[in-house]
Amino acid sequence: MPTILGISGSPRKGATDFAVREALSEAEKIPGIETIYWTVRGKKIGYCVHCDACIRNKSMCIIQDDLQELEALILKADGFIIGSPVYDMNVSAQLAAVFNRLRPMYLVHPGYLQNKVGAALSTGGTRHGGQEMTNLAIINYYLMHEMLVSGGLGGCYNGGTVWTKDNKVDGVREDTTGYDTIKRLGLGVAEAVMLTTHGREAWEAMKKELSLFSDDKSPIRDH
Ligand SMILES: Cc1cc2nc3c(=O)[nH]c(=O)nc-3n(C[C@H](O)[C@H](O)[C@H](O)COP(=O)(O)O)c2cc1C
């Protein structure tokens, strides 16, 4: 079953938790789509200290905490909806730590994320408080991992953007325009996941006939 993993980068049960779940509920309206939800809330997540053990050992991060459970979920996912509260016009520190700690994904699971679909949403207390910038930080993470990006259907621009007035779930509900981008994001990702999941098998067969692509999925990152 095509699976979408939703991740909330908020340390509390508020707007982002709700928005990511709502986007997933919308995606589930497409028959055949399954969803999984994971949040940084209440999790022990250490910082990357740039020890480079992951690079030397070609292993996931050696810090033992709650991040290991996320690796397993990522490996089940065909699509991603990552949401963050806007902190200083950027993603939360918790989400940044998650991204940093997943650095070796490309070494441990080469090509795994390539051409998987990702989408971003953010909730900010102020109307123009950096939602688009926050989405961009998430989108850049997808691009770094050679993923495809969905911005949602019908003019959501770079993803879900909500103005919460710092009012948690009520803030999302009251921002009807922003709430709508969340729903259209969920549907857009679900459609893109259906297309890519079903198209992948056909393409892999065609690709074998071409000499353009190497079987070696190890990325070229020594530049
Ligand atoms: C440390 C910190 C920095 C923040 N910076 C911004 C900001 O730059 N722009 C903004 O619009 N809101 C900012 N906010 C407000 C939150 O983004 C907003 O309340 C958000 O909806 C919280 O999401 P949550 O309920 O999921 O935690 C900040 C909040 C905190 C705690």
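**Notebook: ligand shell, helix 4 and the nonpolar core**

I began with the ligand in this predicted model. Of the 20 residues around the ligand, I found that Gly 14, Thr 16, Pro 85, Gly 124 and Gly 129 come nearest.

I then asked which elements supply this shell. Helix 1 (15-27) and strand 4 (117-124) each contribute at least two residues to it. Helix 1 gives the most, with three residues. By residue class, I recorded five nonpolar, 10 polar and five charged residues in the shell around the ligand.

Next I turned to helix 4, residues 93-101, and looked up its buried residues: Leu 95, Val 98 and Arg 101. Viewed down the axis of helix 4, these buried residues fall within an arc of 125°, so they line one face of the helix. I then checked what they pack against, and noted helix 3 (68-76) and strand 3 (79-85).

My last entries concern the largest nonpolar core, which has 41 residues. Those with the most contacts inside this core are Ile 4, Ala 19, Ala 23, Ile 81 and Val 189. The elements giving two or more residues to this core include strand 1 (3-8), helix 1, helix 6 (131-144) and helix 8 (176-208). Strand 3, helix 4, strand 4 and strand 6 (160-163) are also among them. Helix 1 gives the most to this core, with seven residues.

I followed Ala 23 further, leaving aside its neighbours within four places in sequence. Ala 23 is in contact with Gly 6, Ile 81, Leu 121, Gly 160, Ile 182, Leu 185 and Gly 186. As a general note, nonpolar side chains in soluble globular proteins tend to be buried together.

Note on methods. Residues are numbered from 1 along each chain as its sequence is written. This is a predicted model: local features need pLDDT of at least 70, side-chain atom pairs count only at pLDDT 80 or more; totals for chains, interfaces and linings use all residues. A residue is near a molecule or strand if its C-beta atom, placed from the backbone, lies within 6 Å of it. Helices (H or I, at least four residues) and strands (E, at least two) are DSSP runs, numbered from the N terminus. Ala, Val, Leu, Ile, Met, Phe, Trp, Tyr, Cys and Pro count as nonpolar, Asp, Glu, Lys and Arg as charged, and the others, Gly among them, as polar. A residue is buried if 20 or more other C-beta atoms lie within 10 Å of its own, exposed if 12 or fewer, and partly exposed in between; C-beta atoms are placed from the backbone. The arc is that of the directions from the helix axis to the C-beta atoms. Two residues are in contact if their C-beta atoms, placed from the backbone, lie within 7 Å. A nonpolar core is a set of buried Ala, Val, Leu, Ile, Met, Phe, Trp, Tyr and Cys residues joined through C-beta atoms within 7 Å.
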